[in-house]
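Biologist: Please take a close look at a single part of this structure and describe its surroundings in detail. I should like a connected account, with the reasoning made explicit wherever a cut-off decides the matter.

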Amino acid sequence: MKDSHLGKALSRRIVHSFDNLDVQTQFHQMEETSSTKQPIYRIETKDHLVFVLAHRMISASSACRKGLVRDIKQLIEGLDIDRTKEVRLIIVADHWIDRSSASKSIPSWWLGHQPIHIDEYISQGIKLVAAEQHLAHDIETECQLEKGRHRLFNPLHRQRDGLPLYKYLLLTATYPL
């Protein structure tokens, strides 16, 4: 899925949830600058401000991982935040696990530990690898953000037969700003 589609889909879902609660929202994609390569969406209510950063992890390489952390840092440095509101950053990414060791370590890198249902990955021929570093540590070190909540939405189920698909990862992290 393209970054813009992934971020917009999540943002629209959040806006829809606010609408269901009769909460008025303003939603727009922030203007891209030379320093921001990823689409960033801003959702604002009377009491809340949510930024959604979408990142497509085509590669699981350390350069791609560092790029995500760099994008987060640049976003935070460029924000003009209204401190009278509860402000959150939501990072959303997706990845198709391939045969590389780097790709097989994405769940561990994102979560800080191996997923609890590791046997199901093995049953589909995926032998996950422990990551040497963790995203939460990288974000804390580079961006001075703490208390994030990292989630892995997996498995998704194939539409045609309902079988679980462990090779596709939908990843989210939420941080208070």
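**From an exposed loop to the strands**

Modeller: Asp 22 has a relative accessibility of 70% and therefore counts as exposed, the threshold for that class being over 50%. The model under discussion is a predicted one. Asp 22 is located in the loop that runs between α1 and β1. The phi angle of Asp 22 is near 60°, a positive value in a residue that is not glycine. This deserves mention because most residues other than glycine have a negative phi.

The loop leads back to helix α1, which comprises residues 3-20 and includes Ser 11. Ser 11 is assigned to the buried class because its relative accessibility is 0%, where buried requires a value under 20%. The side chain of Ser 11 lies 2.8 Å from the backbone oxygen of Gly 7. When neighbours within four places in sequence are set aside, the contacts of Ser 11 are Phe 27, Tyr 41, Ile 43 and Val 52. Three of these names, Phe 27, Tyr 41 and Val 52, will now be followed in turn.

Phe 27 and Tyr 41 bring in the aromatic rings. The whole structure contains 4 aromatic pairs. In the pair formed by Phe 27 and Tyr 41, the ring centres are 6.0 Å apart and the planes meet at 25°, so the pair is classed as stacked; the limit for that class is under 30 degrees. The pair connects distant parts of the chain, since Phe 27 belongs to strand β1 (residues 26-29) and Tyr 41 to strand β2 (residues 40-44), 14 residues apart. As for burial, Phe 27 is partly exposed because its relative accessibility is 30%, whereas Tyr 41 is buried, with a relative accessible area of 0%.

Tyr 41 also leads to Val 52, which stands opposite it in β3. Strands β2 and β3 run antiparallel and are joined by 5 bridges. With 3 residues between them, β2 and β3 form a hairpin. Strand β3 covers residues 48-56, and 7 of its 9 residues are buried, so β3 is largely enclosed by the rest of the structure.

A further strand is paired with β3. Strand β4 (residues 86-96) runs parallel to β3, with 9 bridges joining the two. Val 52 has Ile 90 as its bridge partner in β4. To pass from β3 to β4, the chain goes through helix α2 (residues 62-78), and this β-α-β crossover is right-handed. Val 52 thus appears in three settings: as a contact of Ser 11, opposite Tyr 41 and as the bridge partner of Ile 90.

Two further backbone features may be set beside Asp 22. Gln 144 has a phi near 55°, again positive in a residue other than glycine. Gln 144 occupies the loop between α6 (135-143) and β5, and it is exposed because its relative accessible area is 59%. The peptide bond between Asn 154 and Pro 155 is cis, with omega near 5°. Pro 155 is in the loop between β5 (149-153) and β6 (156-157). That bond is noted because most peptide bonds are trans.

Terms used: Residues are numbered from 1 along each chain as its sequence is written. This is a predicted model: local features need pLDDT of at least 70, side-chain atom pairs count only at pLDDT 80 or more; totals for chains, interfaces and linings use all residues. Side-chain values use heavy atoms; hydrogens and water are left out. Helices (H or I, at least four residues) and strands (E, at least two) are DSSP runs, numbered from the N terminus. Buried means under 20% relative accessible area, exposed over 50%, partly exposed in between (1.4 Å probe, protein chains only). A polar contact is a pair of N or O atoms within 3.5 Å; within protein, one must be able to donate a hydrogen and the other to accept it, and residues adjacent in sequence count only if both atoms are side-chain atoms. Contact means heavy atoms within 4.5 Å. Rings of Phe, Tyr and Trp (its six-membered ring) pair if their centres lie within 6.5 Å; planes under 30 degrees apart count as stacked, over 60 as edge-to-face and the rest as tilted. Two strands pair if DSSP finds at least two bridges between them. A crossover is right-handed if, with the strands pointing away from the viewer, the path from the first strand over the helix to the second runs clockwise.
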